[in-house]
Amino acid sequence: MENQLDEKTVDKQLVNPRWMTLTIAIICALYALFTVLGVFYLFQLSTKGLSDSDAQAMLTVKIVASAFFVLYAIFSLLLFNNYSKLRKNIVVPKMLYFALSVFMLLSAANSLATSNVSGVFLPLIILLFAIKIIMDLGKVK
């Protein structure tokens with residue numbers, strides 16, 4: 001009986017991290033999908049007739065967009081993996097969420113640096129979710 005009580009307690013404590021992880025994983029997967037579509041579009045654009053500085057800026061945008069696609073895809077896969085573990089009531093380490101927090105801060109900073117103020121809000125919401133998950137996982141005994 002003692003074991004069942006602990007299992008039920010852990011299940012209740014993992015409810016929030018479970019659905020928040022799934023939400024973040026879906027958002028990251030959508031980000032990766034839209035980013036790869038943007039990368040394909042960027043590689044279709046021609047640099048003929050552009051000045052050297054414009055061509056260099058285009059190359060920089062291609063590199064940054066490709067890196068963001070790879071990172072969003074990796075985070076998406078890792079978060080789906082964590083979600084499957086949380087569904088089985090396996091407590092996951094918090095390191096992935098710390099790394100996701102850092103990446104979201106960098107993503108928000110990139111949006112601010114490119115004067116894309118509307119692109120700041122979703123990374124900051126994901127950051128808040130990650131912090132809440134870290135706090136909830138810290139309470140699990």
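Which residues are buried in α4? In this predicted model, the buried positions of α4 are Leu 96, Tyr 97, Leu 100, Ser 101, Phe 103, Met 104, Ser 107, Ala 108 and Ser 111. The cover over these buried residues includes α2, α3 (52-87) and α5. Helix α4 itself spans residues 95-113, a run of 19 residues, and the distance from its first C-alpha to its last is 27 Å, close to the 27 Å expected at 1.5 Å a residue. After α4 comes Ser 115, a residue with a positive phi, near 60°.

The limits of α4 can be set beside the annotation in the sequence record. In an unreviewed entry, UniProt places the feature "transmembrane region" at residues 21-43, 63-83, 95-113 and 119-138. Within the span 63-83 the model is 100% helix and 0% strand, and the C-alpha atoms at its ends lie 30 Å apart. The span 119-138 is 90% helix and 0% strand, again with 30 Å between its end C-alpha atoms.

A nonpolar patch of about 680 Å² is found on the surface, made by Ile 26, Leu 30, Leu 33, Phe 34, Leu 37, Phe 40 and Phe 80. The element that gives the most to this patch is helix α2 (residues 15-44), which supplies six residues. Among the contributors, Leu 30 is located in helix α2, and its relative accessibility of 42% places Leu 30 in the partly exposed class, because that class covers values between the 20% limit for buried residues and the 50% limit for exposed ones.

With respect to charged side chains, a search of the whole structure returns one salt bridge. This salt bridge joins the side chains of Lys 132 and Asp 136, with an N to O distance of 3.0 Å. Both residues belong to helix α5 (residues 121-139), and because Lys 132 and Asp 136 are four residues apart in that helix, about one helical turn separates them. An α-helix has 3.6 residues a turn, so residues three or four places apart point the same way. Side chains of opposite charge can pair when their charged atoms come close. The two partners differ in their accessibility class, since Lys 132 is partly exposed, at a relative accessible area of 30%, whereas Asp 136 is buried, at 7% relative accessibility.

Conventions:
Residues are numbered from 1 along each chain as its sequence is written. This is a predicted model: local features need pLDDT of at least 70, side-chain atom pairs count only at pLDDT 80 or more; totals for chains, interfaces and linings use all residues. Side-chain values use heavy atoms; hydrogens and water are left out. Patches are made of residues with over 30% relative accessible area and no salt bridge: like charges are joined within 9 Å, nonpolar side chains (Val, Leu, Ile, Met, Phe, Trp, Tyr) within 5 Å. Accessible areas come from the Shrake-Rupley method with a 1.4 Å probe; for residues, only the protein chains shown count as cover. A salt bridge is a side-chain nitrogen of Lys or Arg within 4 Å of a carboxyl oxygen of Asp or Glu. Helices (H or I, at least four residues) and strands (E, at least two) are DSSP runs, numbered from the N terminus. Buried means under 20% relative accessible area, exposed over 50%, partly exposed in between (1.4 Å probe, protein chains only). UniProt positions are given in the numbering used here, feature names are shortened, and annotations may be inferred rather than shown by experiment. The expected span of a helix is 1.5 Å times one less than its number of residues. Contact means heavy atoms within 4.5 Å.
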